[in-house]
Amino acid sequence: MAAAIVASRRLRDLLSRRLTASNYSGLGISLRLTGSSAQEEAPDHSYESLRVTSAQKHVLHVQLNRPNKRNAMNKAFWREMVECFNKISRDADCRAVVISGAGKMFTAGIDLMDLASDILQPKGDDVARISWYLRDIITRYQETFSVIEKCPKPVIAAVHGGCIGGGVDLITACDIRYCAQDAFFQVKEVDVGLAADVGTLQRLPKVIGNQSLVNELAFTARKMMADEALGCGLVSRVFPDKEVMLDAALALAAEISSKSPVAVQSTKVNLLYSRDHSVAESLNYVASWNMSMLQTQDIAKSVQAVTENKELKSVTFSKL
């Protein structure tokens, strides 16, 4: 019993030190030496609209990679994001992901020119068949962002410049959102004559918890600047520029990847379940979940590291 109390105190002290740390400068320095330009291409990830690199051990960096088109979301993007995150979900080496945009902005949203034929000239010879065709397109595009939410690995969005239209759909499916001071967010769909239909209207109210503000943004398509995004909870931190933000996002991913993958991925699954269910249902779910997960060796390894005053990053956890 005494040993358990000591271990508990040490664990509490360790968590307190980490939670009160105001920055990730130590990790940021080491990560900057292997910035995105120097990162190695991740195996089995070759895409037209994305660039996937191994930022460091257990961390993947997914970049929207059409900088000359302001990372507008073309037909390839909608297909490749699903393929990419399905692979990441099955990748036992990956424990955390950072999503960012190449070039001057995160994304300009949907590439209307590329998608015009699908949306403005849909296939079908009557209303029923045209509607069936459009519904199929919409549900497939919804999966492009739902696949991020379904991915058991924590996903960190790192936003600079504009995050417009589909960009908001994307980041609201992520688990953590950072942004640079120059970032702005815009639910743009009403300006092009449609209601957002791939996630923003469903997830944004739950992310920021302010229905009035969501309605204002969605009805007007006005820009939300970085400081307002921080104030309403859309992002958790704002950084001076893109480089500092990416360093922090990659450092955060590294910190997450040092933990037990059983613990982290179980936490994500249960947080998402709890978001959409009652407290009683969620307690029952986590009890059923943990009746098997509590049997992991990761607990013994983590507690031993704490009692021996070792960093968790020194512990070797099995692949998951």
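The exercises below, each with a worked solution, concern a predicted model.

**Exercise 1. Describe the surroundings of E189, and decide whether this residue is buried or exposed.**

Solution. Begin with the position in the chain: E189 is found in the loop between β8 (184-186) and α7 (200-208). Next, take the accessibility; the cut-off for buried is under 20% relative accessible area, and E189, at 8% relative accessibility, therefore counts as buried. Then list the contacts, leaving aside the neighbours within four places in sequence: E189 is in contact with G165, G166 and D169, and also with L194, A195 and A196. Finally, consider T220, which lies 31 residues from E189 along the chain, and whose C-alpha atom is separated from that of E189 by 9.5 Å.

**Exercise 2. Work out in which order the three strands of the open sheet are arranged, and which of them are the edge strands.**

Solution. The order in the open sheet is β6-β8-β9, and the pairing is mixed. The edge strands are β6 (162-164) and β9 (224-225), since each pairs on one side only. Turning to the pairing of β6 with β8, one finds the parallel sense over three bridges. As a residue-level check on the model, locate C163, which stands opposite F185 in β8.

**Exercise 3. Characterise the aromatic pair of F77 and F145, and place its two residues in the chain.**

Solution. The structure holds seven aromatic pairs. In the pair of F77 and F145, the rings are 6.3 Å apart centre to centre with 50 degrees between the planes, and the pair is tilted. This pair links distant parts of the chain, with F77 in helix α3 (residues 75-90) and F145 in helix α5 (residues 127-150), 68 residues apart. Both residues count as buried, F77 at 3% relative accessibility and F145 at 0%. To widen the view, note that F77 and F145 form one aromatic cluster with W78 and Y141.

**Exercise 4. Explain why the pair of Y178 and F239 is tilted, and identify the charged residue that lies over the face of Y178.**

Solution. The ring centres of Y178 and F239 are 5.1 Å apart and their planes stand at 55 degrees, so the pair is tilted. Because Y178 lies in strand β7 (residues 176-180) and F239 in strand β10 (residues 237-239), the pair ties together parts that are 61 residues apart in sequence. Y178 is buried, with a relative accessible area of 3%, and F239 is buried as well, with 6%. The residue over the face of Y178 is R237, at 5.9 Å from the ring centre. An arrangement of this kind also involves K223, which lies over the face of F184 at 4.4 Å from the ring centre.

Definitions and conventions: Residues are numbered from 1 along each chain as its sequence is written. This is a predicted model: local features need pLDDT of at least 70, side-chain atom pairs count only at pLDDT 80 or more; totals for chains, interfaces and linings use all residues. Side-chain values use heavy atoms; hydrogens and water are left out. Helices (H or I, at least four residues) and strands (E, at least two) are DSSP runs, numbered from the N terminus. Buried means under 20% relative accessible area, exposed over 50%, partly exposed in between (1.4 Å probe, protein chains only). Contact means heavy atoms within 4.5 Å. Two strands pair if DSSP finds at least two bridges between them. Rings of Phe, Tyr and Trp (its six-membered ring) pair if their centres lie within 6.5 Å; planes under 30 degrees apart count as stacked, over 60 as edge-to-face and the rest as tilted. A charge sits over a ring if NZ of Lys or CZ of Arg is within 6 Å of the ring centre and within 35 degrees of the ring normal.
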